[in-house]
Amino acid sequence: MNPFVDMTEEVAYALAEHLPVVALESTIISHGMPYPDNLRTAEEVAAIIREHGAVPATTAIMDGKIKIGLTKEELTRLASEKEVIKASRKDIAYLAASGKTGATTVAGTMFCAGLAGIPIFVTGGIGGVHRGAESTMDISADLEELGRTNVAVICAGAKSILDLGLTMEYLETKGVPVLSYQTDHLPAFFTRSSAFSSNYKVNDPEEIAAVIDTKWSLGLDGGLVIANPIPEHSALEEAYMNQTIEEALQEADKQKVKQKEVTPFLLEYIHKATEGKSLQANIALIKSNAVLGAQTAAAFQKLRNSVHSL
Ligand code: PSU
Ligand code: MN
C-alpha cells in the first residue's frame with residue numbers, strides 16, 4: 001500500500017474480502033453544504049449505503065494522509081472547520097507533502113478511489129464546462145479525471161450553472177459514457193431532465209454494472225457518468241431555478257470570482273437565494289444516489305467475484 005494512504009479497517013477488510021464499497025467525496029461536505037446539515041447528511045448517506053449492503057468510504061487529505069474512510073471526528077472536522085482546502089487533482093501532492101488537510105472534489109475523490117481500488121463513487125453533481133468557458137477556459141478538472149481514471153461516478157447530472165451542452169461535448173471527446181437511469185434525458189441536478197439526452201438509458205443496477213465491467217474488461221480506461229434523476233417529489237421548478245442561477249452567475253461576474261472559488265460561490269448564492277430549497281433538493285438527491293450506488297457496487301462486485309471464481 002502507498003505510504004501516503006491511510007485506510008480504515010472497515011474499508012480495508014471489505015476490499016480484501018471483495019465486498020461492495022462505495023467511495024464518497026468530501027468537498028460536498030466542506031464547500032457544498034452549510035454546517036450542520038453537511039455533517040448530518042454525510043452520516044445519513046453513509047448509513048443508507050450500509051443499509052443497502054455496501055461499505056461507505058469518504059476520501060479526504062487529513063494532515064497529509066490520503067484517507068480512505070473517515071472517522072466521525074474526521075468528518076466533523078471537515079464539516080465544521082472554515083479553512084478546509086478544496087482538493088482537486090492539482091492540490092493533492094502539495095497537501096500530502098506538507099501535511100495539510102483538504103476535502104476532495106469529484107476529481108480528487110476519483111484519484112483517491114482509483115488508488116485504493118474502489119470502482120464505484122457516489123456524489124451529488126459533477127463539475128463541468130462553465131458557461132462562457134470559450135473565453136474563461138473554466139472547465140472542471142472532474143472531466144479530465146473522468147477521461148483517465150477507472151471509477152464510475154453516480155450523480156444527479158450536472159447543475160445548469162454549467163453549460164450542459166458543452167459538458168456533454170467534452171465528455172464525448174474524452175470517451176466518457178454518460179448513462180442515465182430509467183430516462184433518456186440528461187438530468188440537471190435540481191430537475192429530472194434538461195434539453196439534452198444522455199448517451200444511453202440504463203434500467204437497473206445489473207445493467208449499469210455490466211457496462212462498467214465490459215468497459216474496463218476491454219481496456220477502455222477512464223470513468224463513466226451514471227446520472228440518476230432527482231426523486232420526483234424533491235425536484236425544483238425549472239424556470240425558478242434558471243432565474244436564480246442567472247442571478248448567481250451575474251453576481252459571480254460582478255465580484256470577479258475566479259478559479260476554484262467559482263463553483264462554491266455559485267452553490268452558496270443559490271442556497272441563500274432559494275432559502276434552503278436547493279439544500280433540501282441536494283440532500284434528497286444524494287440520498288437517492290446513495291441507494292443506486294450501493295446497489296450498483298453490489299451488482300458490480302457480484303460480477304467480478306463470479307469471474308474470479310471461474
Ligand atoms: N457541483 C455541485 N455540488 C458540489 C460540487 C459541484 O452541485 O459540491 C463540487 C464537487 O466537489 C465538484 C466540484 O467536484 O464542486 C467542482 O468544482 P470545480 O468546478 O471548481 O472543478
Ligand atoms: Mn473551475
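**Two domains and the pocket between them**

A salt bridge joins the side chains of Lys287 and Glu44, with 2.6 Å from N to O. The model in which this pair appears is a predicted one. In the domain assignment, the protein chain is divided into domain 1 (1-118) and domain 2 (135-310). Glu44 falls within the bounds given for domain 1, and Lys287 within those given for domain 2. Between domain 1 and domain 2 the count is three salt bridges, while the structure holds 17 salt bridges.

A further salt bridge is formed by the side chains of Glu145 and Arg89, again with 2.6 Å from N to O. This pair connects distant parts of the chain: Glu145 belongs to helix H8 and Arg89 to helix H5, and 56 residues separate them.

The relation of the two domains can next be described as a whole. Taken over C-alpha atoms, the centres of domain 1 and domain 2 are separated by 19 Å. Domain 1 contributes 33 residues to the contact, and domain 2 contributes 28 residues. The two domains bury about 2400 Å² between them, and 69% of this area is on carbon and sulfur atoms. On the side of domain 1, the residues that lose the most area to domain 2 are His52, Lys86 and Met110, which together account for 24% of what that side buries.

Lys86 also leads to the largest pocket, since this residue is among those that lie nearest the centre of the pocket, together with Thr105, Ser140, Asp142 and Thr263. The volume of the largest pocket is about 690 Å³, and 36 residues line it. Where does this pocket lie with respect to domain 1 and domain 2? Both domains give residues to the lining, and the largest pocket therefore lies between them.

Several elements take part in forming the lining. At least two residues each are supplied by helix H2 (27-30), strand S5 (85-87), helix H5 (89-98), helix H8 (141-148) and helix H12 (262-273). Helix H12 provides the largest share, four residues. Helices H5 and H8, which both supply residues to this lining, are also the helices that hold Arg89 and Glu145, respectively.

The chemical character of the lining is mixed. By class, the lining of the largest pocket comprises 13 nonpolar, 15 polar and eight charged residues. Two of the residues nearest the centre, Lys86 and Asp142, belong to the types that count as charged.

Terms used:
Residues are numbered from 1 along each chain as its sequence is written. Chains are lettered from A and ligands numbered from 1 in the order in which they are written. This is a predicted model: local features need pLDDT of at least 70, side-chain atom pairs count only at pLDDT 80 or more; totals for chains, interfaces and linings use all residues. Side-chain values use heavy atoms; hydrogens and water are left out. On a 1 Å grid over the protein atoms alone, a cavity is a set of points where a 1.4 Å probe fits but cannot get out, and a pocket is an open set with protein on both sides within 12 Å along at least five of seven lines; lining residues have an atom within 4 Å of a point. Grid points are joined across faces, edges and corners, and a volume is the space filled by probe spheres set on the points. Domain bounds come from an automatic or database domain assignment. Contact means heavy atoms within 4.5 Å. Buried area is the accessible area (1.4 Å probe) that two parts lose on being put together, summed over both. A salt bridge is a side-chain nitrogen of Lys or Arg within 4 Å of a carboxyl oxygen of Asp or Glu.
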